[in-house]
Amino acid sequence: MAEDSDMERTEPATGKRIERAREQGDVPRSREMSTCLMLLIGGSTIWAFSGPLVTSLDRVMVATLTLERAQMFDPELLFAMYRAHFMEVAVAIIPIGFMMTLAAVASPLILGGWLFNVDSLAPKFSKLNPINGIGNMFSVNSMVELLKAVVKTLLVGTVAWLVIKSQMDSVMGLGVESLKTSASHSAHLLWTSFIVMVSALIIIAIIDVPYQIWNYGRKLRMTREEVKQEHKEADGDPHIKAKIRAMQRSMARRRMMAEVPTADVVVTNPTHYAVALKYTEGSMSAPKVIAKGSDEVAAKIREIARENRIPILEAPPLARALHTHTEIGDEIPEALYTAVAEVLAYIFQLRTYSTGAGDRPNEPRDLEVPKELDPLTATKSKTKKRRTLH
């Protein structure tokens, strides 16, 4: 069953799957790279600070092996001397400790990055299951780790043997050199041997890093069903999205209806369309559409307009053109300026008449609307043209 499951996991991990694994503390890591980096930085730091370190150790060794009579018979003086020299050695090795700590902290940045996960510290009793433990012993990952360990041992051992063999004459010659010369020569031999053997680990790290990245991607692979399910979760349930869209439309309609009482006029078809217009001189460059709708929505706009004593004007071509070519909040098209200006002039005259001044204005008829803006006229024109061509 496990093999069948692995065969089904053919799809690369999605970003969400990788992020979820990271939250659980699962990121690619290369112990070979971290070990190699720490050895290189540690060895280089020791070599760089070897002068002060050797001087300090030499002084401490001489001081601690040379005791005065008072120190031999007074434990407090003896411990005070050792404390002072211990602090001297500690100060001497602080750079080495600092650089090693820096290497340990910085190495995760190269592969996987820093990760702080409290859940990883929690005990997992499933790991105590002996059956799972035996299965892990014979897993592909365990076999790869065993192979790496064998290859690393053979490679480092072979390199160490070759280094020792090549330096055998130099090592044998240390016995006839002076103490100062032999110490310097020994340090050089040790540093050369160290660099060569760590270089062997670099080769392993260079191979291990791409393998860990590939293995991490393989481990997080998904089935096609999982990818589809994740996309569905990301996109949302269609039924829920439909309900959300319906709620959004309902809220937008309520906001639109709340604007109808502020309109100057409602232009109708008279039954199919209704468009509410508003114009404030000085703050608007042109009249705006603050509400529009067809059928039931148009009926509701007319109802609210009547309740709030908003003038309703029947102008079918203009209503059709405004409904088709404008959206809520848009200014009217420039081609309709003349027709809408006549409507607004009528409304302003009607307001003056309602105050008892002037005569009742005549309701505008036959408003000029460009044929290309009236969908009914444009449709008839296209139909007539097609018939003529046939």
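This is a short tour of a pocket, a cavity and two annotated spans in a predicted model.

**Stop 1: the pocket.** Select Trp47, Ser50, Val54, Ala183 and Ala187. These residues lie nearest the centre of the largest pocket, which has 16 lining residues. The volume of this pocket is about 530 Å³. Now colour helix 3 (31-48), helix 4 (50-65) and helix 10 (179-219), the elements that each give two or more residues to the lining of the largest pocket.

Which helix gives the largest share of that lining? Helix 10 does, with 8 residues. Colour the lining of the largest pocket by class next, and 10 nonpolar, 5 polar and 1 charged residues appear.

**Stop 2: the cavity.** The model has 1 cavity of 30 Å³ or more. To find its place, select Arg29, Ser30, Met33, Ser34, Ser107, Pro108 and Leu111, the residues that line the largest cavity. The space inside the largest cavity comes to about 30 Å³. Show helix 3 again together with helix 6 (75-110), since each supplies at least two residues of the lining of the largest cavity. By class, the lining of the largest cavity holds 3 nonpolar, 3 polar and 1 charged residues.

**Stop 3: the annotated spans.** Select residues 89-116 and then residues 189-214. An unreviewed UniProt entry gives both spans the feature "transmembrane region". Stay on residues 189-214 and look at the backbone: this span is 100% helix and 0% strand. Draw a distance between the C-alpha atoms at the ends of residues 189-214, and the value is 39 Å.

Notes
Residues numbered from 1 in each chain as written. Predicted model: local features only at pLDDT ≥ 70, side-chain atom pairs only at ≥ 80, totals over all residues. Heavy atoms only, no water. 1 Å grid on protein atoms, 1.4 Å probe; cavity = no way out; pocket = protein on both sides within 12 Å on 5 of 7 lines; lining within 4 Å. Points joined across faces, edges and corners; volume = space filled by probe spheres on them. Helix = DSSP H or I, 4+ residues; strand = E, 2+ residues; numbered from the N terminus. Nonpolar A, V, L, I, M, F, W, Y, C, P; charged D, E, K, R; others polar. UniProt positions renumbered as here; feature names shortened; annotations may be inferred.
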